[in-house]
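Q: I would like to go through this model with you, one topic at a time. Shall we begin once it is on the screen?

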Amino acid sequence: MSLEEDILIEKFLRGELSEKEHAKFLNRLENDPLFHEKVTLESQLSSFLDDNDWYSLQNENPAEVKAYEEIIASDEITELKAILKDINAKQQKANTTKRINWPLYASAALIALIVSLYLIMRPSVTSEKLYSEYISLSDLPSLVVRSTTTNTDLIEAQKLFEAKNYSEALYIFRKNIDQKNSTVLLYKGISEMQLDKFQEAENTFKALSNSDYIDAEKGYWYRALLNLKRDSIKQVKTLLHTITSNKYYNSNKALELLKELK
Amino acid sequence: MSDNQYFLNALANNDSKEIEKLYENNFHKVKKFILQNNGQSIDAEDIFQKALLQITVRYKKEPFTIKTNFDAYLFTVCKNLWRKQLNKSKKWVTTDKDLTHNHEDQDIALSILEQKRWELFKETLELITGNCKIILRMFFNKKPYSEIVEVMNYNSETVARQRVFKCKAKLIELIKKDKRFNALKEL
C-alpha cells in the first residue's frame, strides 16, 4: 500500500473526506475486493487499538459464530446462565444486607475512625459509591443541540467535558455563562462539582434552581448530589425530601436514594 | 493444575461453589471500573455474567491458555465488553441489526471473535519494539500528528506521517504472519 492510499483510508476512517471523495471511495470499496480487505483491517486496527473505541463485528452467519451459538444454546450453558443469575442475586443481597447491618455491629474503634474521616471532610465509601451510581453524566442534555446558534466554544467545551477534562471545560463554561442557556449553567456546576470546588458548585446550582429556566428544578437534584459527594448527608436528605414532595426533576430517583441512605 | 486452568475447569463444569469464589474475588473491582466509566451497578452485573459466559463458551469450543492470571484476564474481558457496550450505544442510531432472533446468544458469539481479534492485535503490537510502539499507540489513540511531532522530536508532520506509515506496515506484516489471522480474514 502506498502512503497516499494510507492517507486516503485514514481520512475516510476519521470522516475527513469531502462528499465527492467519499462517494468515489465507497464506489471503489464496493468494486475492489483487495481494497475492501485493506480498509476493513485498517478500520479494525483503528478501533480495537484505540482505548476508547471498539469494533463490533456485523457479519452474522460465519461457521464459527454458528458453532459458538450452538454451544451457547446447549443445556450446560443454559444451566450455567441460571447458576450465574443465582449467584449474582445472592451476592447483591449479601452486599445490601452488609450495608444495612454494618453500622449496628461496627466496633467502637471503627466508629471513631469514621468520625475522624468525617472531621477531615473526606466522603465515606458509601457516599462516594452512591454519588458514582447516581451522577449519570451520559444522560445530560447536549449543549450543541440546545444551542440556538452554533457556538464553537460550547462544542469544544462539551468535548472537553466528555473527555473528563473538567478544568479546561469549566474555563469555557464560565466565559459563556451570560448566555440564555440553562444547560451551560448545569454543565458549569457539574464541572465545579467534579473538581471538588464545592462552594462554587453550590452557588451555581442555587442560581439554577432560583432561575426562571424550565430546567430550574434540576438545581435541587444536583445540589443533593453535590452534598452526597461531600458527605453532608443531612443536607442531602433535606434536598431529596424537597424534590419528592414537590415532584421535581428525578423525584423517583430521589426516593430511591433516600431509601439507600436510611 | 495451574490456578488459571482450575478456574476455567470450574466454569466448564458449572462448579457453583468455585464460581461463587470468582464473584467474591472479582466483582467489586469490575463494578468500580464500570461505575467510574458512566455505568450503573446493573451494568456491572450484566457485564460480569457475560464475561464469565464468554470465557466458558470459548473454552468449551477450543480450550485455550491464559497468559496472565485468571483474575487479570477476567477483568480485561469485562473491560472490553464494557467498551463494546459504550460504543454500541453511541452508534445505536446507525445500527440496523436484527434484534429479534437470538440476539443475546449471537452477541456473546460475536464478542468471543472480537476478543480473539483484540488479543491478536494487542499481542502483536507488544512485539513491536522501540519508537514504533510509542508512535503506534499515539496514532491509534487518535493523537494529532502535531503531538507525535512534539513527543518524538520530529522535524515536521510529514516525517511523522511517514513514520506512522512504516510502523503500521510492520504491524500489519506481523499480524498477517500470525496463523490466527487467517481465521479472522473471512469476517
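Q: What percentage of the residues of chain A count as buried?
A: In this predicted model, 23% of the 262 residues of chain A count as buried.

Q: And what percentage for chain B?
A: For chain B, 30% of its 187 residues count as buried.

Q: How many helices and strands are there in chain A?
A: Chain A has 15 helices and 0 strands.

Q: What about chain B?
A: Chain B has 9 helices and 0 strands. Read from the N terminus, its elements run α-α-α-α-α-α-α-α-α.

Q: Which share of the contacts in chain B joins residues at least 24 apart?
A: Among contacts in chain B between residues at least 6 apart in sequence, that share is 65%. In chain A, residues 24 or more positions apart account for 40% of the contacts with a separation of 6 or more.

Q: Let us turn to confidence. What is the mean pLDDT of chain B?
A: The mean pLDDT of chain B is 88, and 89% of its residues reach 70 or more. Among the elements of chain B, helix 3 (residues 41–61) has the highest mean pLDDT, at 96, and helix 9 (residues 179–185) the lowest, at 75.

Q: Where in chain B is the pLDDT below 50?
A: Over residues 91–101 of chain B. Beyond near neighbours in sequence, that stretch has 0 contacts in the model. Where pLDDT is low, the predicted coordinates should not be read in detail.

Q: What does chain A average?
A: Chain A averages a pLDDT of 83, with 84% of the residues scoring at least 70. Among its elements, helix 2 (residues 19–31) of chain A has the highest mean, 93, and helix 8 (residues 143–146) of chain A the lowest, 61.

Q: What ipTM does the predictor give the complex?
A: The predictor gives the complex an ipTM of 0.88, together with a pTM of 0.62.

Q: On to the interface, then. How many residues does the contact take from each chain?
A: The contact takes 41 residues from chain A and 44 residues from chain B. Helix 1 (3–13), helix 3 (33–48), helix 4 (63–72), helix 5 (75–105) and helix 7 (125–135) of chain A each supply at least two residues of the side that touches chain B.

Q: Which helix of chain A gives the most to that side?
A: Helix 5 of chain A gives the most, with 11 residues. By class, the side of chain A that touches chain B divides into 21 nonpolar, 9 polar and 11 charged residues.

Q: Which residues does Ile19(B) touch?
A: Not counting residues up to four places away in sequence, Ile19(B) touches Ile83(A), Ile87(A), Ala10(B) and Leu11(B). Ile19(B) is found in helix 2 of chain B.

Q: Is Ile19(B) buried or exposed?
A: Ile19(B) counts as buried, because 21 C-beta neighbours lie inside 10 Å. Its C-alpha atom is separated by 9.9 Å from that of Leu8(B), and the two residues are 11 residues apart along the chain.

Q: Which residues of helix 1 of chain B are buried?
A: In helix 1 (residues 3–12) of chain B the buried residues are Phe7(B), Leu8(B) and Leu11(B). Seen down the helix axis, these buried residues fall within an arc of 100°, so they line one face of helix 1 of chain B. An α-helix has 3.6 residues a turn, so residues three or four places apart point the same way.

Q: What follows helix 1 of chain B?
A: Helix 1 of chain B is followed by Asn14(B), whose phi is positive, near 55°. Asn14(B) lies in the loop between helix 1 and helix 2 (16–36) of chain B, and counts as partly exposed, with 16 C-beta neighbours inside 10 Å. Most residues other than glycine have a negative phi.

Q: And in chain A, where is Asp196(A) placed?
A: Asp196(A) is in the loop between helix 11 (182–194) and helix 12 (198–209) of chain A. Its phi is positive, near 60°. Asp196(A) is partly exposed, with 13 other C-beta atoms within 10 Å.

Q: Last topic: at what angle do helix 6 and helix 8 of chain B pack?
A: Helix 6 (residues 130–140) and helix 8 (residues 157–177) of chain B pack at about 100°, with their axes 9 Å apart. The two helices are therefore roughly perpendicular to each other.

Q: Which residues of helix 6 of chain B make the contact?
A: Cys132(B), Ile135(B), Leu136(B) and Phe139(B) make it from helix 6 of chain B. The residues of helix 8 of chain B include Val164(B), Cys167(B) and Leu171(B). By class, this contact has 7 nonpolar, no polar and 3 charged residues.

Technical notes. Residues are numbered from 1 along each chain as its sequence is written. Chains are lettered from A and ligands numbered from 1 in the order in which they are written. This is a predicted model: local features need pLDDT of at least 70, side-chain atom pairs count only at pLDDT 80 or more; totals for chains, interfaces and linings use all residues. Two residues are in contact if their C-beta atoms, placed from the backbone, lie within 7 Å. Helices (H or I, at least four residues) and strands (E, at least two) are DSSP runs, numbered from the N terminus. Ala, Val, Leu, Ile, Met, Phe, Trp, Tyr, Cys and Pro count as nonpolar, Asp, Glu, Lys and Arg as charged, and the others, Gly among them, as polar. Axes are lines fitted to C-alpha atoms, for helices over the stretch in contact, and angles run from 0 to 180 degrees between N-to-C directions. Angles under 35 degrees count as roughly parallel, over 145 as roughly antiparallel, 65 to 115 as roughly perpendicular and the rest as oblique. A residue is buried if 20 or more other C-beta atoms lie within 10 Å of its own, exposed if 12 or fewer, and partly exposed in between; C-beta atoms are placed from the backbone. The arc is that of the directions from the helix axis to the C-beta atoms. pLDDT is the predictor's confidence in each residue, from 0 to 100.
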